[in-house]
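Let's take a walk through a protein model together. Keep the 3D view open and turn it as you read.

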Number of protein chains: 2
Amino acid sequence: MESTIGDSAILAPETSLDPTDWQDFQSLCESELSALISHLSGATDRVAWRAVPEDVKRSLAEPLPMEPQGPRQACESIRKNILPWTLGNTHPRFFGWVHGSGTPGGMLAEMYAAAINANLGGREHAPVYVERTVIDWCRQIFSFPDSASGLLLSGTSMANLVALAVARQHHAPIDIREEGVAALPQPMIAYTSAEAHCSVAKAMETLGLGRRNLRRIATNQNLQIDLDSLRQTIKTDRARGLLPFCVIGSAGTVNSAAIDDLAALANLCEQEQLWFHVDGAFGALAMLSEIEQPKLRGIERADSLAFDFHKWMHVPYDAGCLLVRDGEKHRQAFNTQANYLAEGLAASAGAPWYCEFGPELSRGFRALKVWFTIKEHGLRRLGRKIGDNCRQARYLAQQIESSPSLELLAPVQLNIVCFRYKPPGFPTSQLDRLNIELVAAIQSSGVAVPSSTRINERVAVRVNLTNHRTRKEDLLEFLNAALRLGPSVAERVLASDSGAPM
Amino acid sequence: MESTIGDSAILAPETSLDPTDWQDFQSLCESELSALISHLSGATDRVAWRAVPEDVKRSLAEPLPMEPQGPRQACESIRKNILPWTLGNTHPRFFGWVHGSGTPGGMLAEMYAAAINANLGGREHAPVYVERTVIDWCRQIFSFPDSASGLLLSGTSMANLVALAVARQHHAPIDIREEGVAALPQPMIAYTSAEAHCSVAKAMETLGLGRRNLRRIATNQNLQIDLDSLRQTIKTDRARGLLPFCVIGSAGTVNSAAIDDLAALANLCEQEQLWFHVDGAFGALAMLSEIEQPKLRGIERADSLAFDFHKWMHVPYDAGCLLVRDGEKHRQAFNTQANYLAEGLAASAGAPWYCEFGPELSRGFRALKVWFTIKEHGLRRLGRKIGDNCRQARYLAQQIESSPSLELLAPVQLNIVCFRYKPPGFPTSQLDRLNIELVAAIQSSGVAVPSSTRINERVAVRVNLTNHRTRKEDLLEFLNAALRLGPSVAERVLASDSGAPM
């Protein structure tokens, strides 16, 4: 029965996309690496942010390249048109939104990941076992049971979406994947605080449950979910014949890093038989700091927990995680049978495949950079840096409180400081505008990048500390810039308000 | 009003996660780079795949690292425990599922992306303009109008989900984001072929529309959606008072690379006023090959189009794209107002933010590797490689047809060849098992990695050619391995069937 075919056929030469000269490629890589390392080691010497000039935007809006430019020219374009105009989150005085700072080791890990080019949807190869290890480590960090499952995702927005899909699946009295939300006998209702992240509402929308079926419960003076109000709302909803199914607690709200009373929420969810999801986008990793850890008490009782590595663990973008206490419930919300996947032998083995735990089938090797960062630095050091940022936030708040023209707008609970510039005698009605303009002025000065938010309807300058390069000197330099720029911004705001020329 | 604070405070020394010795870090990077480049340049010399040994799995299941191991040890672990046990999709004889091969240039781009560490959720920085350029290029490739929007995602599974969310939003007679699917007066129905990718059904589930509301229309002998059957089903659904809203065409099915008659689907959707989405995961990029391009006629008329860069463009995992003809409809399905985002000034500018076009808020800089690959190689060369793979598929099919013990199971329409090993006289009832075992045997031999699927209920050996390193010699080596291994696998299957010891 043995036979061979066609081995004598004349074949046209075929070329791959690999370099024709590997030596030359290697020397290119080395010189680019060297440029990148000076860029990374010089993070402190540059401005934190500057506007992208119009001519750079024009250069980037390049016509569709039909012919090869080669890797050298592509690298040159990066160095000329991209590297100098980044957002600044690798800079020690970047305090905007919630960004991680990245690490040089992360670059090394990504270099490997790109060369390996793994698809983590499933199958039998070492990268899958790296993701398993990362998830196992996360289980241990948060004291989740061995039966818990996990999935790396692009971030907490995606992890919240997947978590709510699992909760929906578990609590629906019908086969919701087959029948759809319209077949539910009653609307399914979820609960979170008014300070919860916008991705929670977005998840309710995406899942077809409707934003109106997310109750946004009022917060107490610490901007934590008000438990009485939550309990009362659930009761009212049940009385109306609705189906409460999930409470989403925040472990660090994005406005002020408020942490809900997670232990109390766990109790309430147990009593009410509701799914307890925790959005711990950045705050969950405060678990790594011995000092901050007690604030998260109860997180280990969540049914599901979402958090990011690219924020406070400084893994390069993007990398988030979802843990689900009951791995089988997780799988039941997303598993699928496709003909072309998995007969379970040889390279097709490796069950369960990760694509059975979420909406993504092709999945990059983001596990490697997480694994690498944890190995390189160890959890203790990573936790110490998290603790440092929290101490820095308290220090900054003290400085603000001691300044007569600054006003703290929210209690500092973790790593976020919200305040406003309020020079004596400045009209209250113009304070919002003043602070929006002040944030822009500080950013434009290149000294630092805070962002803004609203706390109890008032515009705040918002300083988020998830930055391992920040030192206390950076905080002072930032505050001094604010106080230095404040008066002229105030003048401008008043002048434009009174109709005078600017 | 000028004042400064605290600049004389005594501050504790604080250390970052950066290397203490940058020179040492640079020399580490250089030696790792050199190891990686020999790995990449030696792709052909290795086995295509081999099982991950148990002791490697044990090594990877390492206890949670509390103390720093340093970057050197982390790299050593990669070289020892990961690099030798990858899936093989960088190998010239990897033909499984639909994987891209990656490029060395992609590694360079990812190195830069990790160092820049951008979050592409929004804001004003050069990386956002890189993504805009990539999307603009895609618009041009597919002749979409200037008003079209785009979004880079992890892949087509996500892009299909987002596209159906946009279609749902546009066709729902209510405010579906606010009210949810339960408030719809009638079920919304989508249509696709029985050969469509499983992510389409998953999207219907995730969006709460229900899998039952996806009609899987039968296919013709070319495994394309049957247009009469589609038209009839829509008519019946309308008569039953249901709300048809979307047709999902396939530009390259995953089983056999069948391409639906997209022009006919575009006509039908225009007449029926339905959203026309095209799942072009790998097939859409056949647009870059002059020879294959005509098969995609009609794709330029889609309301939305999903496709991947990490497959046939060999961009490192993960990178996919969604284009939406009407950018404003796209935004309306996902936009959000969050206090802590966007007052639109300075670093907060850069509107519209990408997070308003999908479920992800944190978004990595995957645009860079796409941009880099297109610049490095140019579209013409990338298209030529796509054309090469299609020619190779036709060549392989010829070889199969000329072999008495091989049977082609589906017409070769693009780059996928499905066949089975059918030695004369072998019992038909055991052919499925034979071919499943044969695929495993070929994979385990290390010669090549095909995968398996079912075509018209019969198990097929499936060869997918999205590999720029494959030469015709590789196809012959694979076929010879199949024919060499076939007889012993057949004997084993027969023996185990008759209860004899193996």
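What follows is a tour of charged pairs, the nonpolar core, some backbone oddities and one strand.

Keep in mind that this is a predicted model.

## Charged pairs

How many salt bridges does a search of the whole structure find? Over all chains, the search comes up with 74 salt bridges. Here are three of them, with the distance between the closest N and O atoms.

| Positive partner | Negative partner | N to O distance |
|---|---|---|
| B:Lys375 | A:Glu62 | 2.7 Å |
| A:Arg366 | B:Asp318 | 4.0 Å |
| B:Arg72 | B:Asp24 | 3.3 Å |

Start with B:Lys375, which forms a salt bridge with A:Glu62. This pair joins two chains, because B:Lys375 sits in helix H12 (residues 366-401) of chain B, while A:Glu62 is in the loop between helix H2 (54-60) and helix H3 (70-82) of chain A. Are these two partners, B:Lys375 and A:Glu62, buried or exposed? Both B:Lys375 and A:Glu62 are buried.

Next up is the salt bridge of A:Arg366 with B:Asp318. Here A:Arg366 belongs to helix H12 (residues 366-401) of chain A and B:Asp318 to the loop between strand S6 (304-308) and strand S7 (320-324) of chain B, so this pair joins two chains as well. A:Arg366 has a relative accessible area of 4%, so it counts as buried. B:Asp318, with a relative accessible area of 6%, is buried too.

The third pair, B:Arg72 and B:Asp24, links distant parts of the chain. B:Arg72 is in helix H3 (residues 70-82) of chain B and B:Asp24 in helix H1 (residues 22-41) of chain B, and the two are 48 residues apart. How accessible are they? B:Arg72 is partly exposed, at 37% relative accessibility. B:Asp24 is also partly exposed, at 34%.

Salt bridges can also share partners, and one network of that kind is made of A:Arg93, A:Arg471, A:Asp474 and A:Glu477.

## The nonpolar core

Now for the greasy part. In soluble globular proteins, nonpolar side chains tend to be buried together. In this model, the largest nonpolar core has 274 residues. Which residues have the most contacts inside it? They are A:Met107, A:Phe142 and A:Phe309, along with B:Met107, B:Phe142 and B:Phe309.

Zoom in on B:Met107. Leaving aside residues up to four places away in sequence, B:Met107 touches residues of chain A, including A:Phe25, A:Cys29 and A:Met111. From chain B, its contacts include B:Leu33, B:Leu36, B:Ile37 and B:Pro316.

## Backbone oddities

Look at the loop between strand S6 (304-308) and strand S7 (320-324) of chain A, where you'll find A:Asp318. The peptide bond from A:Tyr317 to A:Asp318 is cis, with omega near -10°. A cis peptide bond also joins A:Ala351 and A:Pro352, where omega is about -10°. A:Pro352 is located in the loop between helix H11 (327-332) and H12 of chain A.

Over in chain B, two residues other than glycine have a positive phi. B:Gln273 has phi near 55°, and its place is the loop between helix H10 (262-272) and strand S5 (275-279). With 62% relative accessibility, B:Gln273 counts as exposed. B:Glu457 has a phi of about 75° and lies in the loop between strand S10 (451-455) and strand S11 (458-464). B:Glu457 is exposed as well, with a relative accessible area of 68%.

## One strand up close

Why can we call S5(B) largely enclosed by the rest of the structure? Because 5 of its 5 residues are buried. In a regular strand the side chains alternate between the two faces of the sheet. You can follow this in S5(B): B:Trp275, B:His277 and B:Asp279 point one way, and B:Phe276 and B:Val278 point the other way.

What does S5(B) pair with? Strand S4 (residues 243-250) of chain B runs parallel to S5(B), and 5 bridges join them. In that pairing, B:Trp275 is the bridge partner of B:Cys246. Together, S4(B), H10(B) and S5(B) make a right-handed β-α-β unit. S5(B) also pairs with S6(B) in the parallel sense, over 3 bridges. There, B:Asp279 stands opposite B:Ala306.

Technical notes: Residues numbered from 1 in each chain as written. Chains lettered and ligands numbered in written order. Predicted model: local features only at pLDDT ≥ 70, side-chain atom pairs only at ≥ 80, totals over all residues. Heavy atoms only, no water. Salt bridge = Lys/Arg side-chain N within 4 Å of Asp/Glu carboxyl O. Helix = DSSP H or I, 4+ residues; strand = E, 2+ residues; numbered from the N terminus. Buried < 20%, exposed > 50% of the residue type's maximum accessible area, 1.4 Å probe, protein only. Core = buried A, V, L, I, M, F, W, Y, C linked by side-chain atoms within 4.5 Å. Contact = heavy atoms within 4.5 Å. Pairing = 2+ DSSP bridges. Right-handed = clockwise from strand over helix to strand, strands pointing away.
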